[in-house]
Amino acid sequence: MTSLIKKDASGNTVDGDAHLLINEVVGVPGGIGEAARLARAAAYDTFLRGLLPAQDGVALLAVGGLGRRQCAPYSDLDLVLLHAGVPGTNELAASIWYPIWDAGLRLDHSVRTVAEALSVAQDDVKVALGLLDARLVVGDQTLADALSRTAADHWRRTAVRHLPGLREVTTARWQAHGELAFLLEGDLKEAAGGLRDVGLLRAISAAGITDALRPAVRAAHLRLLDTRDALHQQVGRRVDRLVAQERDGVAALLGLEDGDALLRRVAGDARTVSHALDDAFRAADRLRSGRSRGGNGRSPRRPVARDVVEHDGELVLARTAIGARPDPSLSLRVAAAAATTRLPIARATCEWLAAYCPPLPAPWPAEARAALTTLLGAGPGLVPAWETCDRYGLVDGWLPEWTRLRSLPQHNPVHRYTLDRHLVQTAHEASRHAREVERPDLLLLGALLHDIGKGLTGDHSTVGVPVAQAAATRIGLPPSEVELIGTLVRLHLLLPDVATRRDLADPVTIASVAEAVGDTGTLDLLHALVRADAAATGPAAWSDWKGRLVAELVGRVRTALDTGVLPEPPAPDPALLAGPLPVVHLTGDRVSVAAADRRGLLATVAGCLALHRLEVISADASVVDGRALVECRVQPRYGLPPDPVPLRADLRRAVGGDVSVTQRLRGRALAARGGGAAPRVVWHREAATDAVLLELRAADAAGLLYRVTCALDEAGALVRAARISTLGADVVDAFYLVGGWPDDEARARLEEAVLAAV
């Protein structure tokens, strides 16, 4: 049969053409919802029945999504050709598979006898789970029933034994794909709480271990299926990752207000699925441990904290706690015990606490504050314990603000988590630095509250201060500590912003930070909070060079606070002050150049570095003993660092005035311009000792620094220092221009030149 599918140069199917052909040949309807999925399954069934005449000893079974009649618009087909040893099955299989491929459908297929299918299922738990969904499409009903009946019976008898291995595989998948409830661009199928996990719940229910498919789980499953349908329809091909640029379109197809509403709905559904699977796995663990103990299967109750005991691997309330009127701190104490022991809280215990634990008074009692500190400082146990408590509404009782923060998206490319998870993750990361500060309890609370202003109108570092202080007051902190929590919220971005955007050798920079911070205790808290915040944000939020810059800033501010004397600026690289000009010195991430003429030197160096795919992080220009010096910190834009030999040669030729190198620099840089929103220029008149600061906010692009410094040079501006800060696809570049630049017209002309260069 001649294929009707169009393919690209690499031999891949062109999805749009494939979809048209699928509709033409198979008659697969689009649409979203249960009715549309059933209609698609019926269309596939009709198509497949035309490929295999009904006959004894042969059956075509659908598994996976088609087996469950849950076909998305661009679903794969999972088929099993089951036979009873009849001759010619290979030819028969080919007569089925090739028309499916020619219709533009992706296909996962196998040809087996009943004995072969059961043998594979015994060794491969994924195959065993797939057979639970097996459904006859066409062929021998008796043969299909024999496989389905035997596979289901085998699963019921062996599930408890297979589940530990399945849990290991599932945990590895979760680690690879993350948690759908907290991700800004999660995989609807593979991430924790996604559609793959619903399949596990269905399998655990089929084994009779527990009723894992409760109504809330079924409803969440249908909404996740609808979301995947809409995503396929929006993108026009099979895709399971809900990326940011498709969210609004998917939300519109689902009748939701916007992409944020979609994310919050997905987060709630994923949480429902994840919690149900946790409960189901624990039920299987209890069943397995009960069988191993024999007899009555009872396990001892082991005290782990006041009013809290361990029973069957879970934390439950002591009998005395249930019998007496509970104190308001009980829920926090149970959560703290769960976080420190890394044991789950039993569902019945959470339900009892949600129903009967009285609300905390304002201010909190000391015992509640101590339990909160223990919970936040528990390290890896914090996140699962907090999430369990949030599931049952306990967190809302501790922090009423949490309702607004729950599942709130963060529209910033460096963030990987929703806001609520980011705050808890920051507290977890802050516990790693608890021994570095005088008040670890305030560090942990500040970490939990540092972004509490997000979602409100205005700068979250400013509008979050009164919200955080109100929470701290309610928790029972004294006024001085409430004020310090407000300071941490207000200044939590100060250190990284200054370190990456300001000249750390300028006394004004150090003096302004020292004045804002006030004392070394607060400085230490901010330094720890910055590192925790970055670790909780994502890999793009931190790097070795940013860590060094922040540490350098902290060290210099500490000196100023301790001694009252501003530290001296670092001396230039001694290698630049000796030998014939030009001098080029490469050391690690530093590039240093000395030349006879200062005019245009920074632009030339920046362009040459861009030519070799090096990004400039910071740059300093000065004149010492009649020599013009440029010292840069750099990092590779892509992959490994460039070969230093041609880089050194190009730098020497470029600063020496070689026209051919200059032409190469201009050609390469001008060919790589950024896009996005319109660039902005912001002036800072009091941010430097002997210069005015021009700050450029624009889209990132290779050669941007070269173009801008060329424009500044041609406009007559002398750059003393530059600091380059990349925030996802954008940059904030700060240029220290020598002189006061008091004339409005001159600044306007310079600003126009810079924007034209961008």
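Three elements, α27 (601-611), β11 (627-636) and α30 (704-714), each give at least two residues to the lining of the largest cavity. Bear in mind that this is a predicted model.

That largest cavity holds about 140 Å³. Its lining counts 15 residues, and those closest to the centre are Arg598, Gly600, Leu601, Leu602 and Val719. Sorted by class, the lining of the largest cavity comes out as 10 nonpolar, 2 polar and 3 charged residues.

How many cavities of 30 Å³ or more are there? The count comes to 4. Here are the two biggest of them, side by side.

| Cavity | Volume | Lining by class |
|---|---|---|
| Largest | about 140 Å³ | 10 nonpolar, 2 polar, 3 charged residues |
| Second largest | about 70 Å³ | 5 nonpolar, no polar, 5 charged residues |

On to the second largest cavity, with its space of about 70 Å³. Which residues line it? Working along the chain, they are Phe182, Arg271, Val383, Trp386, Glu387, Asp390, Trp402, Asp420, Arg421 and Val424. Two helices, α16 (382-391) and α19 (419-430), each put at least two residues into this lining. The largest share is that of α16, with 4 residues. No polar residue turns up in the lining of the second largest cavity, which splits into 5 nonpolar and 5 charged ones.

Now for a sheet. Here 4 strands make an open sheet with mixed pairing, and their order is β3-β2-β1-β4. Which strands stand at the edges? Those are β3 (107-112) and β4 (135-139); each has a single partner strand, so one side of each lacks a neighbour in the sheet. If you ignore direction, neighbouring strands in this sheet are turned against each other by 25 degrees on average.

Take the β2 and β3 pair as a closer look. Strand β2 (residues 77-83) runs parallel to β3, and 6 bridges join the two. Within this pair, leucine 82 sits opposite arginine 112 of β3. As general background, strands of a sheet pair through backbone hydrogen bonds, in either a parallel or an antiparallel way.

The sheet also has a helix packed on it: α2 (residues 34-49) touches β1 (58-63), β2 and β4. The direction of α2 makes about 30 degrees with that of β4. So much for the sheet and the cavities.

Definitions and conventions: Residues are numbered from 1 along each chain as its sequence is written. This is a predicted model: local features need pLDDT of at least 70, side-chain atom pairs count only at pLDDT 80 or more; totals for chains, interfaces and linings use all residues. Side-chain values use heavy atoms; hydrogens and water are left out. Two strands pair if DSSP finds at least two bridges between them. Axes are lines fitted to C-alpha atoms, for helices over the stretch in contact, and angles run from 0 to 180 degrees between N-to-C directions. Contact means heavy atoms within 4.5 Å. On a 1 Å grid over the protein atoms alone, a cavity is a set of points where a 1.4 Å probe fits but cannot get out, and a pocket is an open set with protein on both sides within 12 Å along at least five of seven lines; lining residues have an atom within 4 Å of a point. Grid points are joined across faces, edges and corners, and a volume is the space filled by probe spheres set on the points. Ala, Val, Leu, Ile, Met, Phe, Trp, Tyr, Cys and Pro count as nonpolar, Asp, Glu, Lys and Arg as charged, and the others, Gly among them, as polar.
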